[in-house]
Amino acid sequence: MDVKLRAVRAPVVALVMMAGLVFAAFPALGQDSEDDPWRPTVENPAYAEGEGPLVLVDEAHGNYHTIDGNFQAFAELLRNDGLRVQGSDQPITADLLENADIFVIANAMSGGHDAEWHLPIPSAFSAEEIAVLDRWVSDGGALLLIADHMPFPGAAAELAEAFGVIFINGFARGPEPDTRTLTFDLSSGLLADHPLIRGRNDAEALDSVTSFTGQAFRTVAPVEVLMRMPDDWIVLLPSEAWEFEDDTPQVSARGLIQGAVLRHGSGRFAVFGEAAMFTAQSRVRDGETVRVGMNSPDAPNNRQFVLNVMRWLSGLIGD
C-alpha cells in the first residue's frame, strides 16, 4: 500500500462506520470483498448452460470490478443463466469485440490501484477505443457501462458522453449525512414502469431495487429512465475522493438519474451510476457481517434486476 492510499484510508473508514455500509470502490483499500458463502441462483435460466450470448467483462482499464474479484458473483449469476462470461485484459478494438455479444465496463480507472483519487481525473479510455465502442454498439452490439462515485465517473466521462450521458463526478447522498442506501420503488415513481422492470413474466417483475451510494447523471440523448433520483438528494463534488468539508461543492439531484437504458443505432446501451448493486460484497465489523449488493437483506430484488438488465441487453426483453 503506497503513501497515497494510506492518506485516504482514514476518511474512508470514518465514512463507512458512520454510514454502516460497505461501498463498491474499496478493494484497493482492503475494505470489502466478494461474499464467498453467498451463491447466486437462477430458477429458470434464459439459456441452456454455456449456450447463451458471450459476455466480455473489461479488465484492461484499471477496473475495480473483475470476474475474479468484486464481479465474481456477477459472473457466476450470468453463467447460471446460461451466458458465457470471460474477462478481457486487452485494449478495446474491433477485433476484440468481433465475437462478443455484450461488453461490460465497471469502475474503470486510469492507473488502477496506483491511480490518484483527486482532480483532475484522466479518461481511462483512449479516443480510438471510444470510437470503436460507439461504432460497435451502433452496429448492433450491447454495452453495459457502470461508473460508481468519484473518481470513476471522471474516468468514464468521455466514453459516456459518446452515448449522450453526462456523468457527475461526485457522491450521491440523501438529506441526512449518513443516508447512503437508496431504494427505488414503483410506488414512489423512483423506479420506472419499464419492460426491463416488468421482466418476461410476473415471476421476473420487480417493485423495487436498491443502490448503495454511487453518483447520478443527466442525459442529452433520448433515454429510457429506470432509476430516478429523489428530489431531496444531493451530489457532493469533492476535489479528492472521500474528503468532505463544510464548503464542499454540491448540486441537487433533482431531475438526475442513476440508471437508464437507450437504443444506440442498432444496438443497446445500459448505464448505471452505482456498482455495488451488481455485486455481492461483505465485511465483518464488530463481529457482524455487513452485506452490500445482491446478497444484502435490504436489496431482495437486485439479483433479478441484474438478470433483467442482461436479458434486456441480449434482446430477450423489449422489442
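## Salt bridges, largest pocket and a buried glutamate

Glu204 and Arg200 form a salt bridge in which the closest N and O atoms are 2.7 Å apart; the term denotes a side-chain nitrogen of Lys or Arg within 4 Å of a carboxyl oxygen of Asp or Glu. Glu204 is buried at 5% relative accessibility, whereas Arg200 is partly exposed at 36%. Here buried means under 20% relative accessible area, exposed means over 50%, and partly exposed lies in between (1.4 Å probe, protein chains only). Through salt bridges that share partners, Asp81, Arg200, Glu204 and Arg311 are joined into one network.

The model is predicted: local features need pLDDT of at least 70, side-chain atom pairs count only at pLDDT 80 or more, and totals for chains, interfaces and linings use all residues. Residues are numbered from 1 along each chain as its sequence is written, and side-chain values use heavy atoms, with hydrogens and water left out.

The structure holds 8 salt bridges. Three of them are listed below with the N to O separation.

| Salt bridge | N to O distance |
|---|---|
| Glu204 and Arg200 | 2.7 Å |
| Arg198 and Asp193 | 2.7 Å |
| Asp101 and Arg84 | 3.9 Å |

The salt bridge between Asp101 and Arg84 links distant parts of the chain, with Asp101 in the loop between helix H3 (94-97) and strand E4 (102-106) and Arg84 in strand E3 (residues 84-88), 17 residues apart. Helices (H or I, at least four residues) and strands (E, at least two) are DSSP runs numbered from the N terminus. Asp101 is partly exposed, with a relative accessible area of 36%, and Arg84 is partly exposed at 37%. In the pair of Arg198 and Asp193, Arg198 is partly exposed at 40% and Asp193 is exposed at 59%.

Arg200, Glu204 and Arg311 also line the largest pocket, together with Val42, Glu43, Asn44, Asn201, Ala203, Arg303, Gln304 and Leu307. A pocket is defined on a 1 Å grid over the protein atoms alone, as an open set of points where a 1.4 Å probe fits, with protein on both sides within 12 Å along at least five of seven lines; lining residues have an atom within 4 Å of a point. About 170 Å³ of space lies in this pocket, the volume being the space filled by probe spheres set on the points. By class, the lining has 3 nonpolar, 3 polar and 5 charged residues.

Glu129, in helix H4 (residues 127-138), presents another arrangement. Glu129 is buried yet has no salt bridge, and the nearest side chain of opposite charge, Arg135, is 12 Å away. The side chain of Glu129 makes a polar contact of 2.8 Å with the side chain of His61, and reaches the backbone nitrogen of Ile92 at 3.0 Å. A polar contact is a pair of N or O atoms within 3.5 Å, one able to donate a hydrogen and the other to accept it; residues adjacent in sequence count only if both atoms are side-chain atoms.

Two further sites concern a helix and a loop. In helix H2 (residues 72-80), Ala73, Phe74, Ala75, Leu77 and Leu78 are buried, and just after H2, Gly82 takes a positive phi of about 95 degrees. Pro300 is found in the loop between strand E17 (288-293) and helix H7 (302-313) and is exposed, with a relative accessible area of 64%. The C-alpha atoms of Pro300 and Thr210 are separated by 8.3 Å, although the residues are 90 apart along the chain.

How values were computed: Ala, Val, Leu, Ile, Met, Phe, Trp, Tyr, Cys and Pro count as nonpolar, Asp, Glu, Lys and Arg as charged, and the others, Gly among them, as polar. Lys and Arg count as positive and Asp and Glu as negative; His and the chain ends are not counted.
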